[in-house]
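Reader: Please take one part of this model and go through it closely, then follow whatever surrounds it. State each cut-off once, where it is needed.

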Amino acid sequence: MNRSPSSRVLSVGPTLRATLRPSTGGSVRLFVGLSLTALMLAVALLSLVWTPYPPDAIDMSQRLAGPSSAHWLGCDQLGRDQLSRLMVGAQSVWLVGLLAVGLGLVGGTLLGLVAAACRGWVEAVILRACDLGFAFPALLLAIVLAAALGPGLVIAMVAIGLHAMPSFARLVNGSAKSWWSRDFVQAARVAGLGPWRITQSHVLPQLTPLLLVQCTTQFALAVLAEAGLSYLGLGAQPPMASWGRLLAEAQTLMFEAPQLAIAPGVAITLAVLGLNLLGDGLRDRLDPKGMPR
């Protein structure tokens with residue numbers, strides 16, 4: 001019996017499961033990255049309900065106290081417990097990372113899919129806009145937005161998200177165009193499906209592994225960007241704790257209390273390392289190198 005074009009579309013289209021290819025090295029990176037990322041998430045969630053001390057409690061008798069059994073990472077220049085503030089600072093990392101990467105993912109994916117589906121002048125306008133976006137780093141966007149609206153965590157999130165949008169758009173556009181040339185997509189067009197239906201049902205699902213890897217990479221960049229913006233005073237504002245702000249407050253105390261700078265520096269390093277390893281592990285497991293770009 002002859003099958004209809006729509007049934008051929010369903011049978012020809014590749015599945016996400018076909019992209020899974022186990023790799024020993026990738027499994028190790030995936031495990032280490034997932035462990036470090038899970039630890040960072042666990043610390044952020046724990047700090048919502050418990051910290052060793054109130055993070056903003058001032059005790060001048062403990063000013064610049066070194067690590068001890070009572071204060072594992074010592075106290076800052078106002079006698080505040082450094083471990084408690086470090087734990088609370090993980091909240092800013094996840095808040096900025098999730099919202100900024102989410103903004104870049106949604107906006108960039110939408111622009112990339114529209115460019116791939118419409119082609120012509122629409123694609124040219126979108127890609128030229130992306131090129132323009134690459135010319136403005138997150139720091140410059142944050143400075144412009146802070147000058148207009150005032151510094152703050154929301155400004156940092158918007159700046160990082162807007163900076164991530166062109167990367168997602170370029171990546172999605174290039175990969176989506178290659179999927180549009182596949183036989184199962186051409187069969188869907190013959191079956192009478194419109195470009196948006198094809199994009200939603202046949203193109204976007206194939207981009208899931210690629211977007212998942214890109215999200216972990218952009219999350220790591222968002223952690224660094226948030227720390228840098230907070231260090232410069234454009235991100236989290238006092239008394240809110242942030243790893244970048246903890247570094248800024250400790251920069252004049254490097255010789256007097258080096259642990260105040262070492263702890264947030266190590267936290268940022270482990271967070272970025274974990275996210276990068278997680279992305280590498282996912283890339284090896286999902287094998288996007290074997291996917292069209």
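Author: A pocket, on a 1 Å grid over the protein atoms alone, is an open set of points with protein on both sides within 12 Å along at least five of seven lines; a cavity is a set where a 1.4 Å probe fits but cannot get out, and lining residues have an atom within 4 Å of a point. This is a predicted model, in which local features need pLDDT of at least 70 and side-chain atom pairs count only at pLDDT 80 or more, while totals for chains, interfaces and linings use all residues. Residues are numbered from 1 along each chain as its sequence is written, and side-chain values use heavy atoms, with hydrogens and water left out.

The part chosen is the largest pocket. Its lining consists of 15 residues. Among them, Leu39, Met40, Val43, Trp243 and Ala267 lie nearest the centre of the pocket. The space inside comes to about 310 Å³ (grid points are joined across faces, edges and corners, and a volume is the space filled by probe spheres set on the points). Three helices each give at least two residues to this lining: α2 (24-49), α3 (82-118) and α11 (259-286). Helices (H or I, at least four residues) and strands (E, at least two) are DSSP runs, numbered from the N terminus. For context, the protein chain has eleven helices and zero strands, and its pattern along the sequence reads α-α-α-α-α-α-α-α-α-α-α.

Two of the helices that line the pocket, α2 and α11, are also joined by a salt bridge (a side-chain nitrogen of Lys or Arg within 4 Å of a carboxyl oxygen of Asp or Glu). The bridge pairs the side chains of Arg29 and Asp284, with an N to O distance of 2.1 Å. Arg29 belongs to helix α2 and Asp284 to helix α11, so this pair links distant parts of the chain, 255 residues apart. Arg29 is partly exposed at a relative accessible area of 31% (buried means under 20%, exposed over 50%, partly exposed in between, with a 1.4 Å probe and protein chains only). Asp284 is also partly exposed, with a relative accessible area of 22%. The backbone gives a second distance at this place: the C-alpha atoms of Asp284 and Leu30, 254 residues apart along the chain, are separated by 8.7 Å.

Next comes the enclosed space. The count is one cavity of 30 Å³ or more, and the largest cavity has a volume of about 30 Å³. Its lining is made of Asp76, Gln77, Gln82, Leu246, Glu249, Ala250 and Leu260. Helix α10 supplies the largest share of that lining, three residues.

Glu249, one of the residues lining the cavity, takes part in a salt bridge with Arg245, where the closest N and O atoms are 3.9 Å apart. Arg245 and Glu249 both sit in helix α10, four residues apart, so about one helical turn separates them. Arg245 counts as buried, at 17% relative accessibility. The pair does not stand alone: salt bridges with shared partners join Asp56, Asp76, Arg80, Arg85, Arg245 and Glu249 into one network. Asp76, a member of that network, is another residue of the cavity lining.

Across the whole structure, ten salt bridges are found. One more connects Arg170 and Asp131, with the closest N and O atoms 2.6 Å apart. Arg170 lies in helix α6 (residues 153-180) and Asp131 in helix α4 (residues 120-134), so the pair ties together parts that are 39 residues apart in sequence. Both ends are partly exposed, Arg170 at 32% relative accessibility and Asp131 at 31%.

Helix α7 (residues 183-190) can be read by burial. Phe184, Val185, Ala187 and Ala188 are buried there. Seen down the axis of α7, these buried residues fall within an arc of 155 degrees, so they line one face of the helix (the arc is that of the directions from the helix axis to the C-beta atoms). Asp183 and Val190, on the other side of α7, are exposed. After α7 comes Gly192, with a positive phi near 100 degrees. For the protein chain as a whole, 46% of the 293 residues are buried.
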